[in-house]
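These are my notebook entries from a reading of one chain, taken element by element. I kept to helices, their surroundings and how they pack.

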Amino acid sequence: MTTAPDSDRARPEPAARSVRPARPADTVLSVLRDPRLLTREALAGVVTTLALVPEVISFSVIAGVDPMVSLVASIVLALVMSVLGGRPAMVTAAAGSVALVIAPLVREHGTDYVLPTVVLAGLVQLAFGLAGLARLMRFIPRSVMIGFVNALGVLIFVAQVPHIIDQPWVVYPLFALTIAIVVLLPKVTKAVPAPLVAIVVVTVIAVAARLDVHTVGDEGPMGGGLPGLTPWLAPFTLETLQIIWPTALSVAFVGLMETLLTAKLVDDLTETPSHKGKESWALGVANIAAGFYGGIAGCAMIGQTVVNVKIGRARTRVSTIAAGLFLLLLVTGLSAVMSAIPMVALAAVMMIVAITTVDWHSLKPTTLRRMPVPETLVMVVTVAVVVATNNLALGVAVGVLLAMVLFARRVAHVITVERHVTPGAVADTEAGSRVAEVPDASNAGGAGAGLDGPPSPETVRYDVVGPLFFGSSNDLVEHFSYGDDPESVTVDLSRAQVWDASSVAALDSVDEKFRAHGVTATFVGLDDRSEAFHGRLTGRLG
């Protein structure tokens, strides 16, 4: 390896440009000391709760459980994750993805098996987090993440459409008023979240004018007060475990996937890191607690998290604590007020959230023209699967699988093998030096005639370039000219790395083919890790 000359090394570094120091991230302590920040976080939590309630009630209907079960579980999930979670400002509650997974179990076996299912799912999530497996999220490609976000925006928007169409005519003026307040109020003041003002104004108008519009109370019955601990009614038998374990695993991994993807999204929105492992085991603890006091599991609520972070501008755990406490207040003492909120107001707010959630830059023609076709295909397939199945986790899984297949297809051809031939030479005994042998067809005596000493054979060196693993090394043996090479060749691997047993087996096959032609191959240039790995396995793979 060549090194830079001293003159280059001595060249002074350019003077660093002055950069304004970044504003430190808000903490719970700084928020509690600043009334302005405290107001911002608390109001963000209130808006988030109002956006949360109708979805939680709808999800309880999907899961086949009482709406109060999902509401109380959401209170527990929000408060526990506010204390233990690794991603501040992310909202956790009873979620639609979990409801879709649990619904078949409830239909077939009844609600008695929900609690043991939730507890087992929580234990799996707890083990996942403690084992550090959350680091696997780094293998989700950017194209899948963009597809996830875009599909989320589509799902949120489509879910609100039934609250707008085929409704009494008075719904449309209320819808327009909500949109106007949410869009225009921030141009005047940001002291109070515009969605909160819109919801309050539209609710007051609907109640005062006694308008016949669909309300939150129409989504499901809500009575005051809290239930006690969830009774364990399923028998402690092996048969119960056989019934619940497939659903429990689905709940665990669907919840983990949505939670960790949402955490990554919030990391990007707030430009702050989070502890994914802590978020994983905390979700397990929260689900176990919600199962025993509430009755159903949950995970991160992506749409409500976007409301909290983007619209409410929340950045700390104070916002999610406020959301949990306000939901508790609504359930216990203000259920009548909550029931009176028109669904059109919440639907309008969520539609704006959906529009702002979509990554519009990724859909611009200029971006699509520059983007590699496989990346665009992965994004489109992720969106299509999510929208078709209404299942974010399934869409992400399909997107990751497709990305892996396309990646393996690309890297299968990244290996190049270059053959370099160095002509032989003869010894010049008088000069005592080596003279390159130059073939001369006009010389009857052959190349090198008239010089002292026998000619030395030509030498061949193969340069292997690129990472060697199962996808790229399968056709490695086809890159060598076994029958045309001299008795000794060098295979230079200084620009390659050996990553798995398939690559070692491929190199052994190359060596065997050379020996079959009477050629000795010498492998050189491996780095220390590859050399140790190759030395441990070569000749021992059968």
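Entry 1, helix H19. I looked up what lies against the buried residues of H19, and in this predicted model they pack against strand S6 (459-468), strand S7 (488-498), strand S8 (520-524) and helix H20 (528-537). The buried residues themselves are Ser 503, Val 504, Ala 506, Leu 507, Asp 508, Val 510 and Phe 514. I then checked the length: H19 covers residues 501-516, and its 16 residues should span 22 Å at 1.5 Å a residue, which agrees with the 22 Å between its end C-alpha atoms. After H19 I noted Gly 518, which has a positive phi near 75°.

Entry 2, helix H11. I made the same check on H11 (residues 276-292), where 17 residues reach 25 Å from the first C-alpha to the last, close to the 24 Å expected at 1.5 Å a residue. Its buried residues are Gly 277, Glu 279, Ser 280, Ala 282, Leu 283, Gly 284, Ala 286, Asn 287, Ile 288, Ala 290 and Gly 291. Among the elements that cover them I found helix H4 (67-84), strand S1 (92-93), helix H6 (114-130), helix H10 (238-270) and strand S2 (299-300). Just after H11, Gly 294 takes a positive phi, about 145°.

Entry 3, helices H6 and H10. How do the axes of H6 and H10 cross? I read a crossing at roughly 50°, with the axes coming within 8 Å, and that makes H6 oblique to H10. The crossing of H6 past H10 is right-handed. On the H6 side the contact is made by Pro 116, Thr 117, Leu 120, Ala 121, Val 124, Gln 125 and Phe 128, and the residues they meet in H10 include Leu 241, Trp 245, Thr 247, Val 251 and Leu 256. By class, this contact has 15 nonpolar, four polar and no charged residues.

Entry 4, Thr 247. I picked out this residue, whose place is in helix H10, and asked whether Thr 247 is buried or exposed. Its relative accessible area is 13%, under the 20% cut-off, so Thr 247 counts as buried. Leaving aside residues up to four places away in sequence, Thr 247 touches Val 101, Ile 102, Leu 105 and Thr 117.

Entry 5, helices H10 and H18. H10 packs against H18 at an angle of about 80°, with the axes 9 Å apart, and the two are therefore roughly perpendicular to each other. I listed Val 254, Met 257, Glu 258 and Leu 261 in H10, which meet Leu 392, Ala 393 and Val 396 in H18. The residues of this contact divide into six nonpolar, no polar and one charged.

Entry 6, helices H17 and H18. For H17 (residues 373-389) and H18 (residues 392-411) I read a packing angle of about 155° and an axis separation of 8 Å, which makes H17 roughly antiparallel to H18. H17 passes H18 in a right-handed crossing. Residues of H17 in this contact include Leu 377, Val 381 and Val 385, and those of H18 include Leu 392, Val 396, Gly 399 and Arg 410. The contact residues divide into 13 nonpolar, four polar and one charged.

Entry 7, the whole chain. I closed with the totals: the chain has 20 helices and eight strands, and 47% of its 542 residues count as buried. Among contacts between residues at least 6 apart in sequence, 84% join residues at least 24 apart.

Conventions:
Residues numbered from 1 in each chain as written. Predicted model: local features only at pLDDT ≥ 70, side-chain atom pairs only at ≥ 80, totals over all residues. Heavy atoms only, no water. Axes fitted to C-alpha atoms, helices over the stretch in contact; angles between N-to-C directions. Parallel < 35°, antiparallel > 145°, perpendicular 65-115°, else oblique. Left-handed = near helix turned anticlockwise from the far one by under 90°. Contact = heavy atoms within 4.5 Å. Nonpolar A, V, L, I, M, F, W, Y, C, P; charged D, E, K, R; others polar. Expected span 1.5 Å × (residues − 1). Buried < 20%, exposed > 50% of the residue type's maximum accessible area, 1.4 Å probe, protein only.
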